[in-house]
Amino acid sequence: MTVIRPDHTIDQAWSAYSAHEHRIWKTLYEQQASMLPDRACDAFLRGMVALNLHQDGIPDFRRLNEDLSLLTGWRVVAVPGLVPDEVFFNHLAHRRFPAGRFIRKANQLDYLQEPDVFHDVFGHVPMLTDPVFADYMQAYGEGGLRAHRLDHLPHLARLYWHTVEFGLLQTPAGLRIYGAGIVSSRLETLYALDDPAPLRLAFSLERVMRTPYRIDDLQPTYFVAPSLIALLEATLQDFAGLYDRLACLPDIPIGQVIDEDIRFPPDVRAVA
Ligand code: PHE
Ligand code: FE
């Protein structure tokens, strides 16, 4: 029997994972780890190494938290699935990252609707070792609680989607990935950087909050931040004024380009 605590967390029950489940993690880990050098941003790659995410298959959150909490004060907590918005934001505001504990089936390696432990831990946790991104995620949690009170959660949710899940970074070496939804997906890792089809637009807070997203396919649009610090600084302002403005501005349909947009070409590599 799984006990669900008042804060919606559960025990990871690490010893209950089967050898087969650990092998699924290893397969996914090895596949992504081989593709991500030169594609993921330095902060992600450093975090992946610092946390030893390849050891013994699915990481034991107790071991992971020893390293993670020393680095930035973040911890990973297990949850049974999606949790209510306010519970989620409250965890983030206290530097706790809620992660699913189940792992996808062997026939779902490329596609999954519900976030599993591979997406949540491999995708999200390496970035939490970066001090700037660690602060951004905490601020996002606090901002979520505010947006909830101001009735603007849909706008703030777009910021999460277009940064934390699907963000790209501009670096001297070219475009790099920091979004968890990309680094945890083989297909999207290739598509986001190399494919000529999607739009790659310079990040702007207002642009992002006016842009709806789809959850059932590769992204039609990626937003490129100039740096993690620029992303954090853009969010230091009080969003209340922005929310007021957004109430009178129409959404920009998915895939549409507007005059103010700055577009980036694909970052084409020799080998895929
Ligand atoms: N500054 C935002 C607000 O006033 C809070 C926030 C910070 C939101 C970082 C998202 C990311 O609500
Ligand atoms: Fe996610």
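Helices are DSSP runs of H or I with at least four residues, numbered from the N terminus. One of them, helix α3, spans residues 61-72 and holds both Asp-67 and Arg-63. The model that contains this helix is predicted.

Within α3, Asp-67 and Arg-63 are four residues apart, about one turn of the helix. Their side chains meet in a salt bridge, with a distance of 3.4 Å from N to O. Side chains of opposite charge can pair when their charged atoms come close. Asp-67 has a relative accessibility of 27% and therefore counts as partly exposed.

The structure holds 11 salt bridges in total. Among them is the pair of Arg-39 and Asp-194. Here the closest N and O atoms are 3.8 Å apart. Arg-39 lies in the loop between α1 (19-35) and α2 (42-50), whereas Asp-194 lies in helix α9 (residues 186-194), so this salt bridge ties together parts that are 155 residues apart in sequence. Arg-39 is buried, and Asp-194 is buried too.

A further salt bridge joins Arg-95 to Asp-135. The closest N and O atoms of this pair are 2.4 Å apart. The two residues connect distant parts of the chain, 40 residues apart. Arg-95 sits in the loop between α4 (85-93) and β2 (96-100), and Asp-135 sits in helix α6 (residues 131-150). The two partners also fall into separate classes of accessibility. Arg-95 has a relative accessible area of 16% and is therefore buried. Asp-135 reaches 35% relative accessibility, so this residue counts as partly exposed.

The model also includes an iron ion (ligand 2). Its protein donors come from His-119, His-124 and Glu-165. Each histidine contributes its NE2 atom, while Glu-165 is listed with two OE donors. These donor atoms lie 2.0 to 2.8 Å from the iron ion. In sequence, the donor residues follow the spacing H-x4-H-x40-E.

The site of the iron ion has four donor atoms, with angles of 51 to 135° among them. Four donors count as tetrahedral if all angles lie between 85 and 135 degrees. The angle of 51° falls outside that range, so the site is not tetrahedral. The site is classed as irregular.

Both histidine donors are buried. His-119 has a relative accessible area of 12%. For His-124 the value is 4%. Each value is under 20%, and therefore each residue counts as buried.

Key. Residues are numbered from 1 along each chain as its sequence is written. Chains are lettered from A and ligands numbered from 1 in the order in which they are written. This is a predicted model: local features need pLDDT of at least 70, side-chain atom pairs count only at pLDDT 80 or more; totals for chains, interfaces and linings use all residues. Side-chain values use heavy atoms; hydrogens and water are left out. Donors are N, O and S atoms within 2.8 Å of the metal (3.2 Å for Na, K and Ca); water is not among the atoms, so sites may look incomplete. Four donors count as tetrahedral if all angles lie between 85 and 135 degrees; four count as square planar and six as octahedral if opposite donors are over 155 degrees apart and all others between 65 and 115; anything else is irregular. Buried means under 20% relative accessible area, exposed over 50%, partly exposed in between (1.4 Å probe, protein chains only). A salt bridge is a side-chain nitrogen of Lys or Arg within 4 Å of a carboxyl oxygen of Asp or Glu.
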